[in-house]
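User: I'm new to this one and would like a close look at a single part of it. Could you pick out one strand and walk me through what surrounds it?

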Amino acid sequence: MLVNMNEVLRPAKANKYAVGLFNAVNLELARGIINAAESTRSPVIMGTAEVLLPYGPLEEVSYYLIPMAKKASVPVVVHLDHGLSYDTCIKALELGFSSIMYDCSTDSYEENVRKVKEMADIAHSYGATIEGELGHVGDNEGSAEGSSHLADPSKFFTDPKLAKDFVDKTGVDALAIAVGNAHGAYKLPPKLDFERIRTIARTVDVPLVLHGGSGLTDNDFRQAIKDGISKVNIFTDINVAAVEAEFKKFSSMDKGLIDLIPAAVEAVKQESVKKMKLFSSDGKADLTRVPANGTDMEALTRLVTAEVIKYLKK
């Protein structure tokens, strides 16, 4: 079923587990992720990022992500990760994405607040949720997620003193924080600032998000989740797993694409299953905040508001 982030992250925060965000720039990745979620009975967040759009245009990605989410037997959020522009975020909402991230983390604090607040109001009118970022998560060399290589990442760590102010002023539903994490594959073992995670978690009442999850140790994940992380972003691990499986399968020139697809899907599934079990989201599908009668008045109000806005625009 298609849900927004609040419906899967609020229970995760309350029960001390995390839900994975797995980017799916093609059908094979999406199939593997959904298969993993259904086999483990795990809620899942599936989507793409603005920097990945050259590999899978937003509109084309929406053709399979949203129907697959609606059809799934577990809660699935369809999320735009690291939306860098106003227009891309709006397009995602219009296409039916149930959640977006508007990343204005490289702007000044005041501009970050202003822009994210404006987008939060719009997203909520669609019945969608929004994630913001305070501080700035950089990128390891060769990262598919971006090219922001920081000489001293600690200068861009999230300031706990500003976190509550940012959440209160913007109305974001989740907050991405910078605590020593980075996108892509780590060349050296990262050192996460767990005390900073704990401090921020005590300061704000929204779920916290850890970007750059691929390459962290199992103990890093367990500690970060224990300290207050409710959403973990993964891409590099499933991306690499798919390619490695295809290389193993491709033994001679008489192999075609259809010989490689099942191997890629299964590899993505297995890697996603590992993460879901590690995050302890397995078996938590039924904790999603969807009332038994299927009517959430807060969500219904947002949907009615969205329909009124669309009508007035005509």
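**A strand and its partners**

Analyst: Strand S2 (residues 19-23) pairs with S11 in the parallel sense, over four bridges. Within that pairing, Gly20 sits opposite Val232 of S11. S11 also has a partner in strand S10 (residues 208-210): three bridges join them, and the two run parallel. There, Leu208 stands opposite Ile229 of S11. So S11 is the strand to look at, and one thing to keep in mind is that this is a predicted model.

How many residues of S11 are buried? Strand S11 covers residues 229-234, and six of the six are buried, so the strand is largely enclosed by the rest of the structure.

Let's zoom in on one member. Lys231 is found in strand S11. Is Lys231 buried or exposed? Its relative accessible area is 0%, and the cut-off for buried is under 20%, so Lys231 counts as buried. The Lys231 side chain makes a polar contact with the side chain of Asn233, at 2.9 Å.

Which residues does Lys231 touch, once neighbours within four places in sequence are set aside? The list includes Leu208, Val209 and Leu210, and residues 208-210 are strand S10. Val19 and Leu21 are on the list too, and both numbers fall in S2, residues 19-23. Lys231 is also in contact with Met5, Leu9, Ala18, Ile45, His79 and Glu131.

Two of those contacts, Met5 and Leu9, lead us to helix H1, where both are among the buried residues. The buried residues of H1 are Met5, Asn6, Glu7, Val8, Leu9, Pro11 and Ala12. At the N-terminal end, Asn4 caps H1, with a side-chain oxygen 3.1 Å from the backbone nitrogen of Asn6.

Asn6 is worth a stop of its own. Asn6 lies in H1, which spans residues 5-15, and at 6% relative accessibility it counts as buried. The Asn6 side chain makes a polar contact with the side chain of Asp173, at 3.2 Å. Asn6 and Val206 are 200 residues apart along the chain, yet their C-alpha atoms are separated by 9.2 Å.

What follows H1? That would be Lys16, whose phi is positive, near 60°, although Lys16 is not a glycine. Lys16 is found in the loop between H1 and S2, and with a relative accessible area of 52% it is exposed. Put Lys16 beside Lys231 and you get two lysines in opposite settings: Lys16 is exposed, whereas Lys231 is buried.

Another residue with a positive phi is His82, at about 45°, and it is not a glycine either. His82 is found in strand S4 (residues 76-83). At 5% relative accessibility, His82 counts as buried. His79, one of the Lys231 contacts, has a number within the range of S4 as well.

Now for the nonpolar packing. The largest nonpolar core has 78 residues, and Leu65, Ile100, Ile130 and Leu175 touch the most other members. A second, separate core of 14 residues includes Val3, Met5, Met101 and Ala176. Met5 is the one we met earlier, in contact with Lys231.

Leu175, from the largest core, touches Leu208 and Val209, which also appear among the contacts of Lys231. Other residues that Leu175 touches include Val206 and Pro207, along with Ala163, Phe166, Val167 and Ile200, leaving out residues up to four places away in sequence.

Stepping back, the chain has eleven helices and eleven strands. Buried residues make up 55% of its 314 residues. Of the contacts with a separation of 6 or more, 73% are between residues 24 or more positions apart. The chain exposes about 14100 Å², with carbon and sulfur atoms supplying 54% of that.

How confident is the predictor? The chain averages a pLDDT of 86, and 80% of the residues score at least 70. Two stretches call for care: pLDDT stays under 50 over residues 139-152, for which the model has 31 contacts beyond four places in sequence. Residues 183-188 also stay under 50, with 23 such contacts in the model.

Notes:
Residues are numbered from 1 along each chain as its sequence is written. Side-chain values use heavy atoms; hydrogens and water are left out. A nonpolar core is a set of buried Ala, Val, Leu, Ile, Met, Phe, Trp, Tyr and Cys residues joined through side-chain atoms within 4.5 Å. Buried means under 20% relative accessible area, exposed over 50%, partly exposed in between (1.4 Å probe, protein chains only). Contact means heavy atoms within 4.5 Å. pLDDT is the predictor's confidence in each residue, from 0 to 100. Two strands pair if DSSP finds at least two bridges between them. A polar contact is a pair of N or O atoms within 3.5 Å; within protein, one must be able to donate a hydrogen and the other to accept it, and residues adjacent in sequence count only if both atoms are side-chain atoms. Accessible areas come from the Shrake-Rupley method with a 1.4 Å probe; for residues, only the protein chains shown count as cover.
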